[in-house]
Amino acid sequence: MTAAPMIELWRGGMLESAHAGHAVIYGPGGIEAVWGDPGAVIYPRSSCKMVQALPLIESGAAHAAGLGERQLALACASHSGGAMHVQGLQAWLATLGLDEPDLRCGPQMPRDRAEMKQVICSEAAPCQLHNNCSGKHAGFLTLGRHLGAGPEYVEIDHPVQRAVKAAFEEVTQETSPRFGIDGCSAPNFACTITGLARAMQFFAAANPDGPLREAAAARLTRAMMTFPELVAGEGRACTALMRALNGKGAVKTGAEGVFVAILPEQSRGIAVKFADGATRAAEAAITAILVRLGALEAADPVVEQYIPRAMTNRRGLVVGEMRLAPGFA
């Protein structure tokens, strides 16, 4: 099966752009809805950070380091590099006797406007704490320290990455066929779009008082829903959508058109991937599916934000609209 048309952009009564992709809704009984190819093999990219954080809790490393929900939210984050993110990570690393040079994610200009302005005006260079993946890497460092492993935690044969792969394969219920190196230098394990949705359903159905892995998954989901501003930042889709969900679910973006959702009240997981890697399409599609499932009110302003019926130009003139393709949502 090929990618299915899902999101359209119209201007002057003409279809100007179209985005096709794959999406799966996975419920307690298995697959409930599919668009595109359920067997499409993808890299989840940053959408699976909560999966990568499972060993942090399961190993006892989080408990030993005294991590709370704020740190766990950062471990799942693709944050904007704002002051609250940077300061939170500095404090976290300090409790381990570590600092910014111990990270292996590389420096990145912060997306947060205030922090970007501070960096530019001070003529300072952005650092690794500004990297959107630095929370995940702080989690890796915490796990590596607990395991007594070496500092090169992004290497594929490092105990940290072996633990991540094992957790990833167990919750996707698939043997990962390959891995690629993510933008932050960590391995990213491939799976099918169905496997990713199945993993999100595991998180959605996880019992906080259940077995260790379920309790860990439930704790990570709760941390994301409690601190949506730490998972992304102001003006970001993850933060805006989780605030609108108001405790009904957690969502997470990934590079190249990936988006996932965890809906605990419904025990459902959702995974979306666009063939052209378009973020705007992934944001629109996950929003549409959340509305379809009743987790998000259709009248909520966040829906218009990510599926705009009135697209305006720089003068404020309405020049087009975004639509859901026939057959989608």
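Helix α7 gives the most to the lining of the largest cavity, with 3 residues. The model in question is a predicted one, and a search through the whole of the structure turns up just 1 cavity of 30 Å³ or more. Its volume comes to about 40 Å³. Around the cavity sit Lys49, Gln52, Ala53, Ala75, Lys136, Gly139 and Phe140. Two elements, α1 (49-52) and α7 (134-147), each give two or more residues to this lining. In terms of character, the lining is a mix, with 3 nonpolar, 2 polar and 2 charged residues.

Turning to charge pairs, the search of the whole structure finds 11 salt bridges. Side chains of opposite charge can pair when their charged atoms come close. One of the bridges joins Arg104 to Glu152, with an N to O distance of 3.0 Å. Here the two partners come from distant parts of the chain, 48 residues apart: Arg104 belongs to the loop between α5 (83-95) and α6 (113-121), while Glu152 belongs to the loop between α7 and α8 (159-172). Arg104 counts as partly exposed because its relative accessibility is 24%. Glu152 is also partly exposed, since its relative accessible area is 34%.

Another bridge brings together the side chains of Arg198 and Glu174, this time at 3.8 Å from N to O. Again distant parts of the chain are linked, with Arg198 in helix α9 (residues 193-205) and Glu174 in the loop between α8 and β5, 24 residues apart. How do Arg198 and Glu174 sit, buried or exposed? Both of them are buried, which means that each has under 20% relative accessible area.

Arg309 and Glu304 make a further pair, and their closest N and O atoms are 2.9 Å apart. The two ends of this bridge fall into separate accessibility classes: Arg309 is exposed, because its relative accessibility reaches 62% and the cut-off for that class is over 50%. Glu304, at 27% relative accessibility, counts as partly exposed. Beyond these pairs, there is also a network of salt bridges, and the residues linked in it are Glu58, Glu170 and Arg213.

On the outside of the model, Ile156, Phe179 and Ile181 make up a nonpolar surface patch of about 270 Å². Phe179, one of the three patch members, lies in strand β5, which runs over residues 179-181. Why does Phe179 count as partly exposed? The reason is its relative accessibility of 38%, because the partly exposed class takes in values between the buried limit of 20% and the exposed limit of 50%.

The backbone has a couple of spots worth a look as well. Most residues other than glycine have a negative phi. Gln173 has a positive phi instead, near 60°, and is not a glycine. This residue is found in the loop between α8 and β5, the loop that also holds the buried Glu174. Gln173 itself is exposed, because its relative accessibility is 59%. Ser267 is likewise not a glycine, yet its phi is positive at about 50°. As for where Ser267 lies, it is in the loop between β9 (258-263) and β10 (268-274).

Definitions and conventions:
Residues numbered from 1 in each chain as written. Predicted model: local features only at pLDDT ≥ 70, side-chain atom pairs only at ≥ 80, totals over all residues. Heavy atoms only, no water. Patch = residues over 30% accessible without salt bridge, like charges linked within 9 Å, V, L, I, M, F, W, Y side chains within 5 Å. Areas by Shrake-Rupley, 256 points an atom, 1.4 Å probe, with all protein chains shown as cover. Salt bridge = Lys/Arg side-chain N within 4 Å of Asp/Glu carboxyl O. Helix = DSSP H or I, 4+ residues; strand = E, 2+ residues; numbered from the N terminus. Buried < 20%, exposed > 50% of the residue type's maximum accessible area, 1.4 Å probe, protein only. 1 Å grid on protein atoms, 1.4 Å probe; cavity = no way out; pocket = protein on both sides within 12 Å on 5 of 7 lines; lining within 4 Å. Points joined across faces, edges and corners; volume = space filled by probe spheres on them. Nonpolar A, V, L, I, M, F, W, Y, C, P; charged D, E, K, R; others polar.
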